[in-house]
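Here is a colleague's note, meant to be read with the model open beside it. Please follow the points in order and find each named residue as it comes up.

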Amino acid sequence: MSLGGPTGPDRRTVTDHDRRRLKVTSRVLLAGPVLGLLAALALGLLGAGAVAGLAAFLVLCAAASVAAALTTAALAIVDEYRRVHVARRRTLTALALFAGGFVLLFLSLGVAATV
């Protein structure tokens, strides 16, 4: 077993294909705060308190973070199956989004406990 020399493509380089896939991730992630603001606005118009709006905002941001992570991971799996280069940045982005969704969900639980 030789540890010297590359055995495959360099995972540190980000290609145009990776950038296009990450744009899909960012669009899915951006949907969370947009929908969260709309939900908070709707709750405010219905007479709910600010805490309920914040809880809805955090829950939708957490859901968008997990959905973006799943999208990133699924697209990376498809690209690996097709033997297309997958940059390390895409893998780390998916892991960070899963962790961020976890944190946002716990923040929403703390806010919802005060309602």
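Does R83 count as buried or exposed? Please keep this in mind while reading, since point 3 returns to it.

1. The overall fold. Please bear in mind throughout that this is a predicted model. The protein has three helices and zero strands, and reading along the sequence gives the pattern α-α-α. Of the contacts between residues at least 6 apart in sequence, 82% join residues that are at least 24 apart.

2. Shape and surface. For a compact globule of 115 residues one would expect a radius of gyration near 13 Å, whereas the protein has 18 Å. Along the principal axes, the C-alpha atoms fill a box of roughly 65 × 25 × 20 Å, and the reader may like to turn the model until these three directions can be seen. Of the 115 residues, 25% count as buried. The accessible surface comes to about 7600 Å², and 72% of that surface belongs to carbon and sulfur atoms.

3. The loop residue R83. To return to the opening question, R83 counts as exposed, because its relative accessibility is 77% and the cut-off for exposed is over 50%. R83 is placed in the loop between α2 (50-81) and α3 (88-112). The backbone here deserves a careful look, for R83 has a positive phi of about 65 degrees although it is not a glycine.

4. Charges as a whole. The protein carries 12 positive and 5 negative charges, and the mean positions of the two sets are 3 Å apart. Side chains of opposite charge can pair when their charged atoms come close. In this structure there are four salt bridges, and the next points take up several of them.

5. A salt bridge inside one helix. D16 forms a salt bridge with R19, and the closest N and O atoms of the pair are 3.2 Å apart. Both residues lie in helix α1 (residues 16-45), where they are three residues apart, about one turn of the helix. D16 is exposed, with a relative accessible area of 53%, while R19 counts as partly exposed at 41% relative accessibility.

6. A salt bridge between α1 and α2. Which residue of helix α2 does R21 of helix α1 pair with? R21 forms a salt bridge with D79, in which the closest N and O atoms are 2.9 Å apart. Because R21 lies in helix α1 and D79 in helix α2, the pair ties together parts that are 58 residues apart in sequence. Both R21 and D79 are buried, and for D79 the relative accessible area is 0%.

7. A salt bridge between α2 and α3. D79 also takes part in a second pairing, since the side chains of R90 and D79 meet in a salt bridge at 2.8 Å, N to O. R90 lies in helix α3 and D79 in helix α2, so this pair ties together parts that are 11 residues apart in sequence. R90 is buried as well, because its relative accessible area is 2%, and the cut-off for buried is under 20%.

8. The network. The pairings of D79 belong to a wider arrangement, for D18, R21, D79 and R90 are linked in a network of salt bridges. When checking this in the model, it may help to begin at D79, which has salt bridges with R21 and with R90, and then to look for D18, which belongs to the network too.

Notes:
Residues are numbered from 1 along each chain as its sequence is written. This is a predicted model: local features need pLDDT of at least 70, side-chain atom pairs count only at pLDDT 80 or more; totals for chains, interfaces and linings use all residues. Side-chain values use heavy atoms; hydrogens and water are left out. Helices (H or I, at least four residues) and strands (E, at least two) are DSSP runs, numbered from the N terminus. The radius of gyration is taken over C-alpha atoms; the globule rule is 2.2 Å times the number of residues to the power 0.38. Buried means under 20% relative accessible area, exposed over 50%, partly exposed in between (1.4 Å probe, protein chains only). Contact means heavy atoms within 4.5 Å. Accessible areas come from the Shrake-Rupley method with a 1.4 Å probe; for residues, only the protein chains shown count as cover. Lys and Arg count as positive and Asp and Glu as negative; His and the chain ends are not counted. The place of a charge is taken as NZ of Lys, CZ of Arg, CG of Asp or CD of Glu.
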